[in-house]
Amino acid sequence: IINFFERIMQAVQRGSSLTNRLLTFGRHKAIKDGIVDLGQLVQDQESLLRPLIDASISFSITTEDGISVEVPPDNICQILLNLCINARDAMPDGGTLSIECGKTRNARAFLRVSDTGTGIPPEIRAKIFDPFFTTKDHGNGTGLGLSMVYGLGREMRGEIDVASRPGEGAVFTIVLPLSEKPVSAPEIVEDRDGKIHLDGFTAMIAEDEPALLDLVSGMLEDMGA
């Protein structure tokens with residue numbers, strides 16, 4: 001049962017991500033910061049990212065424990081999604097895609113996405129974060145991916161570094177401030193009787209059928225949401 005709830009939550013997050021991206025792009029912030037373990041958050045995205053990566057690409061995630069950052073979790077998810085899709089498209093014949101996160105020597109957090117793709121030509125390097133700029137064929141890209149990465153990174157008080165040479169791949173690194181606050185993550189708990197408890201969750205229900213609204217609301221209230 002817990003697996004079903006996790007899949008539902010992941011689907012809802014993915015379904016709402018486009019709205020969040022457009023709101024962020026329009027500078028209307030509709031997302032909330034949270035104290036998260038960056039390593040665990042990145043690991044949790046593997047099940048969503050791996051199906052997007054071609055079988056010809058070697059995909060790996062390496063993280064450190066205890067990286068506490070105060071960020072909107074969906075920002076990290078969007079950054080990873082956009083960078084991984086770009087990396088995949090830059091390796092049509094296969095290659096290596098790796099995600100790393102850890103702590104820098106000056107006590108900051110970093111998130112790094114590396115690929116062995118075609119790289120970024122020097123003549124377009126200054127344009128890659130521009131809105132609607134894309135080198136992909138018409139219909140294969142919106143030109144918003146990297147501009148979103150840049151905007152989300154800056155919104156989290158982060159810095160973005162790009163290292164790339166044509167034919168040698170690209171490395172995108174986002175450096176974020178660490179948080180001294182403890183991580184407080186919501187949990188889905190199943191007790192011995194098989195009852196589900198949603199500890200720390202807040203639910204919003206949109207339903208115009210009163211009977212169904214009462215049913216769903218009552219069920220979630222019983223679960224602690």
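How many bridges join strand 4 to strand 5, and do they run parallel or antiparallel? The count is 7, and the two strands run antiparallel. Keep in mind that this is a predicted model. Here's a quick tour of the sheet around that pair.

**The sheet as a whole**
- We're looking at an open sheet of 5 strands, ordered 2-4-5-7-6, and the pairing is mixed.
- Strand 2 (57-63) and strand 6 (159-164) sit at the edges with a single partner strand each, so one side of each has no neighbour in the sheet.
- On average, neighbouring strands here are turned by 10° against each other, if you ignore direction.
- As a general reminder, strands of a sheet pair through backbone hydrogen bonds, in either a parallel or an antiparallel way.

**Strand 5 and its partners**
- On the strand 4 side, cysteine 101 stands opposite leucine 111 of strand 5.
- The hairpin of strand 4 and strand 5 has 4 residues between the strands, and alanine 107 takes a positive phi near 60° there.
- Strand 5 (residues 108-115) also runs antiparallel to strand 7 (residues 170-177), with 8 bridges joining them.
- Leucine 111 turns up again here: its bridge partner in strand 7 is isoleucine 174.
- Serine 114 has valine 171 as its bridge partner in strand 7.

**What covers it**
- Helix 4 (residues 73-89) lies across strand 2, strand 4 (95-103), strand 5 and strand 7.
- Relative to strand 5, helix 4 runs at about 25°.
- Of the 8 residues in strand 5, 7 are buried, so the strand is largely enclosed by the rest of the structure.

How values were computed: Residues numbered from 1 in each chain as written. Predicted model: local features only at pLDDT ≥ 70, side-chain atom pairs only at ≥ 80, totals over all residues. Heavy atoms only, no water. Pairing = 2+ DSSP bridges. Axes fitted to C-alpha atoms, helices over the stretch in contact; angles between N-to-C directions. Contact = heavy atoms within 4.5 Å. Buried < 20%, exposed > 50% of the residue type's maximum accessible area, 1.4 Å probe, protein only.
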